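Here are my notes on the model you sent over, as numbered points. I have kept each one short so that you can follow along with the coordinates open.

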Amino acid sequence: MGRRTQAERDAMTIEIGYALVSAAVLAGLTFAAVAAPALLLLDLGRTARTVVLTVAATTAVLAFATRVVHVLWRFPTRPEGHRLDGAPDPAGLPRSGRSDPSP
């Protein structure tokens, strides 16, 4: 595996930033969607409110992690089936799906 070019490093930095920002937005929306109806429309007791907020926070964390993994997992290959360095992958498989040790 050769050294990465500046363009490849920049592309990865942008992709990581995109993954984190989009995941944060999704997590916020998920938390609001789970917590808001129960907290705004129902008169809940202290225990029920704690349970709802815990479920909302857990769901938001899972949505955040899933989004980050989803975005970054797809990054090594472009939609055209070519690796970032321009060499075509056999059958459009990502690098990890190949058995040969070449980059």
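1. Arg 49 comes out as partly exposed, because its relative accessibility is 36%, and partly exposed covers the range between 20% and 50%. Please keep in mind that this is a predicted model. Arg 49 sits in helix H2. Setting aside residues up to four places away in sequence, Arg 49 touches Leu 39 and Leu 44. The C-alpha atom of Arg 49 is also 8.1 Å from that of Ala 38, with the two positions 11 residues apart along the chain counted as their separation.

2. Leu 39 is worth a look next, since you have just met it as a partner of Arg 49. Leu 39 belongs to helix H1. With neighbours within four places in sequence left out, its contacts are Leu 44, Arg 49, Val 52 and Leu 53. For one of these, Val 52, the C-alpha to C-alpha distance from Leu 39 is 8.0 Å, at a sequence separation of 13 residues. Val 52 is itself among the buried residues of H2.

3. Now to the overall layout. The protein chain holds two helices and zero strands. Of its 103 residues, 20% are buried. Among contacts with a separation of 6 or more, 51% join residues 24 or more positions apart. The chain exposes about 7,300 Å², and carbon and sulfur atoms supply 68% of that area.

4. How far apart should the ends of H1 be, at 1.5 Å a residue? H1 runs over residues 6-41, so its 36 residues should span 52 Å, and the end C-alpha atoms are indeed 52 Å apart. There is a bend of about 40 degrees in H1 at Ala 35, and Pro 37 follows within four residues. I would show the bend and the proline together in a figure, as Ala 35 is also on the list of buried residues in H1.

5. H2 can be put through the length check too. Its 28 residues reach 40 Å from the first C-alpha to the last, close to the 40 Å expected at 1.5 Å a residue.

6. What do the buried residues of H1 pack against? Their partner is helix H2, residues 46-73, and the buried residues of H2 in turn pack against H1. On the H1 side, the buried set is Glu 8, Glu 15, Ala 19, Ser 22, Ala 23, Ala 27, Thr 30, Ala 35 and Ala 38. On the H2 side, the buried set is Val 52, Ala 56, Ala 60, Ala 63, Val 68 and Val 71.

7. Glu 15, in helix H1, deserves a comment of its own. Glu 15 is buried yet has no salt bridge. Arg 74 carries the nearest side chain of opposite charge, and it is 7.6 Å away; a salt bridge would need the relevant atoms within 4 Å. Beyond residues up to four places away in sequence, Glu 15 touches Val 71, Leu 72 and Phe 75.

8. Finally, Phe 75, a contact of Glu 15, also appears in a pairing with Ala 11. Ala 11 and Phe 75 are 64 residues apart along the chain, while their C-alpha atoms are separated by 9.4 Å. Ala 11 lies in helix H1. Is Ala 11 buried or partly exposed? Its relative accessibility is 23%, so Ala 11 counts as partly exposed.

Definitions and conventions. Residues numbered from 1 in each chain as written. Predicted model: local features only at pLDDT ≥ 70, side-chain atom pairs only at ≥ 80, totals over all residues. Heavy atoms only, no water. Expected span 1.5 Å × (residues − 1). Bend = angle between axes of the 7 residues up to and from the residue. Buried < 20%, exposed > 50% of the residue type's maximum accessible area, 1.4 Å probe, protein only. Contact = heavy atoms within 4.5 Å. Areas by Shrake-Rupley, 256 points an atom, 1.4 Å probe, with all protein chains shown as cover. Lys, Arg positive; Asp, Glu negative; His and termini not counted.
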